[in-house]
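Please open the model in your viewer and keep a selection panel at hand, since this tour proceeds from one selection to the next.

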Amino acid sequence: MPYIKKGEIADDPYVRLGGDEPVPTDVPVIVPLEWLLAQTPQSLEGRNVPLGVALPNDKPESLLEPYLPRLSLIALDFPIYRDGRAFTQARRLREAYGFRGEIRAEGDVLRDQFLFMVRSGFDAFEVRKDKDAKAFAEALQEFSGFYQPSGVGDAHFRFRFAPPFSPARKEGESDA
């Protein structure tokens, strides 16, 4: 499957492991959630290579909280394109937990959703088709501005006139 990182097709440095495979200590790996939860956060401190985890979209991201300082990647699953729970997981990982590592979209990743995935906090993608990988840059250039804030902290527009009452403003303050 093509791997997109920083908007370009790249070689995936991670090896994905199944359930019973031994975890190598000399290459970056993506482990199943069950393997990670069987470890203590302290037992991972001696690892000198990047560690990633595959988080199913039916599991809460809060399970990862004690491990986040030791993780370099979290792979979030889109089992079918209509299932958007991974959007919420990505946004919460960025905003609520402050995760700054790679958040990878995998599974049924559609080119029509690239822009929304980036705005939710994803920064890497596994896509099924080479032509989808090539269309990634085009998808990001489709819109030049947004009214909604995003999970990556880019509010492109500010309203020129605030509503008559805004609890965030004190009397006499303006938005300018």
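## Aromatic rings and their surroundings

Begin by selecting F87 and F122, both of which are buried in this predicted model. Their rings form an edge-to-face aromatic pair, with 6.5 Å from centre to centre and 85 degrees between the planes. F87 belongs to helix α2 (residues 85-95), whereas F122 lies in the loop between α3 and β8, so the pair ties together parts that are 35 residues apart in sequence.

Keep F122 selected and add F78, bearing in mind that these two residues are likewise both buried. By the rule for ring pairs, the count comes to 5 aromatic pairs. F78 and F122 form one that is tilted, at 5.7 Å centre to centre and with 45 degrees between the planes. This pair links distant parts of the chain, 44 residues apart, since F78 sits in strand β6 (residues 73-78) and F122 in the loop between α3 (114-120) and β8 (124-126). If you now extend the selection to F114 and F125, you will have on screen one aromatic cluster, formed by F78, F87, F114, F122 and F125.

Move next to Y81 and R82, where the charged end of R82 sits over the ring of Y81, at 5.9 Å from the centre of that ring.

Finally, select D83, which is found in the loop between β6 and α2. Is D83 buried or exposed? With a relative accessible area of 13%, D83 is buried, because the cut-off for that class is under 20%. The side chain of D83 is joined to that of R85 by a polar contact of 2.7 Å, and, leaving aside neighbours within four places in sequence, D83 is in contact with N57 and F78.

Terms used
Residues numbered from 1 in each chain as written. Predicted model: local features only at pLDDT ≥ 70, side-chain atom pairs only at ≥ 80, totals over all residues. Heavy atoms only, no water. Phe/Tyr/Trp six-rings, centres within 6.5 Å; stacked < 30°, edge-to-face > 60°. Helix = DSSP H or I, 4+ residues; strand = E, 2+ residues; numbered from the N terminus. Buried < 20%, exposed > 50% of the residue type's maximum accessible area, 1.4 Å probe, protein only. Lys NZ or Arg CZ within 6 Å of the ring centre and 35° of its normal. Polar contact = N/O pair within 3.5 Å; in protein donor to acceptor, adjacent residues only side chain to side chain. Contact = heavy atoms within 4.5 Å.
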